[in-house]
Protein chains: 2
Amino acid sequence: MSDAFQLHPIGWIRKPENAVRIDIDPAFQDGLLGLEGFSHIIVCYWFHENDNSRDRHRLQVHPRKNPLNPLTGVFATHAPVRPNLLGISTCRVISVSGTTIHIDAIDARNDTPVIDIKCYIPDKLKPSEIRLPAWISSQ
Amino acid sequence: MSDAFQLHPIGWIRKPENAVRIDIDPAFQDGLLGLEGFSHIIVCYWFHENDNSRDRHRLQVHPRKNPLNPLTGVFATHAPVRPNLLGISTCRVISVSGTTIHIDAIDARNDTPVIDIKCYIPDKLKPSEIRLPAWISSQ
């Protein structure tokens, strides 16, 4: 087995009723300077509920848990089972206040550990450059 | 300190002359099934050269190493110093052959460990929804 790297949560996703926010560990508050200048952020989190040997060894899935979708390698999906349980979502920032980032929505569960946040910068790809398989474009 | 999570490389970025490729650990080859259906992938890697206490405690930088850019929290940048040394790039796939993914380019060094790959699905944000700070749009 190759060398391992260590990740520590920098915050947690909280989903009280009618709201979604990221609570940043106060130790990392200085890392938020200037975040309010962006409309969107990339939230990187850890699928902690799947942090077990079985889910980390799953290499193929039917995307979106739909058996009609073809069996697909996890690296060709965003499935929450994969060798390293990294999830990525682009989220709209509603406000930043102290160590709290209010966002519009995220497809991750309450108490999910957040491992990184990056500013969202739009890519410059033209639609004609992008190719997707049928299981994506048919849904 | 909160619980730590373990990451293991699933491959490595190789940059021989005039080419860029990702060599996937053969143990994870099954995870590539269907990847060739996508024109682009999101490559997640580890800034391994910065995996030291000093760079993991840097919370503010002048983006793009330009002292004229305002001091900014690392979570509002893509800087290679941050508490968890995660890097993310969208790359064009040239070909997939066995455990080798040939890509057009990546802003990461030779031998960088790759920790995850995800399919690239374009977001549906309209330009009018996106707000960026001056240090991005001026460059």
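Me: Hi! How many residues does the contact take from chain B and from chain A?
Reply: Happy to help! The model is a predicted one, and in it 56 residues of chain B and 56 residues of chain A make up the contact.

Me: Which strand gives the largest share of chain B's side?
Reply: That's β9(B), with 5 residues. Strands that each supply at least two residues include β1 (5-7) and β4 (40-46) of chain B.

Me: And how do the residues on that side divide into nonpolar, polar and charged?
Reply: On the side of chain B that touches chain A, 33 are nonpolar, 15 are polar and 8 are charged.

Me: Why do the copies meet through the same surface?
Reply: Because 100% of the interface residues of chain B are interface residues in chain A too.

Me: OK, what rotation superposes chain B on chain A?
Reply: One of 180°, with a shift of 0.0 Å along its axis and an RMSD of 0.0 Å. The two copies are thus related as by a two-fold rotation axis.

Me: Which residue of chain B comes closest to that axis?
Reply: Q6(B), whose C-alpha is at 2.6 Å. Q6(B) is also the bridge partner of Q6(A), where β1(A) and β1(B) pair antiparallel over 3 bridges.

Me: Switching to chain A by itself: what do β2(A) and β3(A) form?
Reply: A hairpin, with 5 residues between the strands. They run antiparallel, joined by 4 bridges, and N18(A) in the turn has a positive phi of about 65°.

Me: What stands opposite W12(A)?
Reply: D23(A) in β3(A). D23(A) also stands opposite T100(A) in β8(A), as β3(A) pairs with β8(A) in the antiparallel sense over 4 bridges.

Notes. Residues numbered from 1 in each chain as written. Chains lettered and ligands numbered in written order. Predicted model: local features only at pLDDT ≥ 70, side-chain atom pairs only at ≥ 80, totals over all residues. Pairing = 2+ DSSP bridges. Least-squares fit on C-alpha atoms with pLDDT ≥ 70 in both. Contact = placed C-beta atoms within 7 Å. Nonpolar A, V, L, I, M, F, W, Y, C, P; charged D, E, K, R; others polar.
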